[in-house]
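Trainee: I have a structure to read and do not know where to start. Could you take me through some of its features?

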Amino acid sequence: LIVFLFSFVCFPVKGQFNLQDVTSDGTGPSRLIMMLDASNSIDRDFFYSDLLDTVEHSFDALEEGSELGVIVFKNNVKAVVPLSDYTKVEWIAEIDRLRLDDTLCCRCCTPVAEALEEAAALIKSRADYSMKTIALLFTDGSPFQNTGNGEYSIRTISRAEYLFDIVPNAVEELENVNAKLVYVNIPDTDQTSAEDRSGYFRGDF
């Protein structure tokens, strides 16, 4: 249904997003990297329930031999589940570990560019770009760089430069390693879904 660059999907406020719509096309194993917005505008209960449930069930949407990984982004960006070929038991254990980490969510800010760059780095570490690769970006709004120190900090570059140069460049880096980016809009703390902000990842806002 939605397996092409810069897709936009809205996560239901209640219920699970159907990952099979974007991952399974019967062409063999896939590489799936899920980037989870853990900023302070995300509803904490939603993050630890519906969102992690979706991440856990992603295993069932993939064919045997597929690879999965999870990146969380907030005031820092981290690959919390390394990209690898998991058994179902191993995958569930990884997601259960995330559920028990109460520091995982939710803090400032929304460093989308850094999350995209981390996803590209994970793909590059596998050295095989031939496997179909899908990068799912779960977020509730527009990118917002961190306020502290760092290469893309708001103290270092302007918000406009971050939005219109840095983020699209990070998308292009993903494209260069043959990844297809799917933007998934998730509910915020008010349990509402924001408007489509996927234009930021095309550089056309």
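Mentor: We will look at two helices, one strand residue and one hairpin. This is a predicted model, in which local features need pLDDT of at least 70 and side-chain atom pairs count only at pLDDT 80 or more, while totals for chains, interfaces and linings use all residues. Residues are numbered from 1 along each chain as its sequence is written, and side-chain values use heavy atoms, with hydrogens and water left out.

Trainee: What span should helix α2 have at 1.5 Å a residue?

Mentor: Helices here are DSSP runs of H or I with at least four residues, strands are runs of E with at least two, and both are numbered from the N terminus. The expected span is 1.5 Å times one less than the number of residues. For the 14 residues of α2 (44-57) that gives 20 Å, and the end C-alpha atoms are 19 Å apart, which agrees.

Trainee: Where does α2 bend?

Mentor: A bend is the angle between axes fitted to the seven residues ending at a residue and the seven starting there. In α2 the bend is about 30 degrees, at L51.

Trainee: Which residues of α2 are buried?

Mentor: An α-helix has 3.6 residues a turn, so residues three or four places apart point the same way. Buried means under 20% relative accessible area with a 1.4 Å probe, counting protein chains only. In α2 the buried residues include F47, L51 and T54. Among the elements that cover the buried residues of α2 are β2 (30-37) and α3 (88-99).

Trainee: What does α4 pack against?

Mentor: Helix α4 covers residues 112-126. Its buried residues, L116 and A120 among them, pack against elements including β5 and α5 (159-176). Just after α4, A127 has a positive phi of about 65 degrees.

Trainee: Is T133 buried or exposed?

Mentor: T133, in strand β5, is buried, with a relative accessible area of 2%. A polar contact is a pair of N or O atoms within 3.5 Å; within protein, one must be able to donate a hydrogen and the other to accept it, and residues adjacent in sequence count only if both atoms are side-chain atoms. The side chains of T133 and R31 make such a contact at 3.4 Å. A polar side-chain atom of T133 also lies 3.0 Å from the backbone oxygen of M131.

Trainee: How many bridges join β3 to β4?

Mentor: Strands pair if DSSP finds at least two bridges between them. Antiparallel β3 and β4 are joined by 5 bridges, and they form a hairpin with 3 residues between them. L68 has S84 in β4 as its bridge partner.

Note on methods. Buried means under 20% relative accessible area, exposed over 50%, partly exposed in between (1.4 Å probe, protein chains only). Contact means heavy atoms within 4.5 Å.
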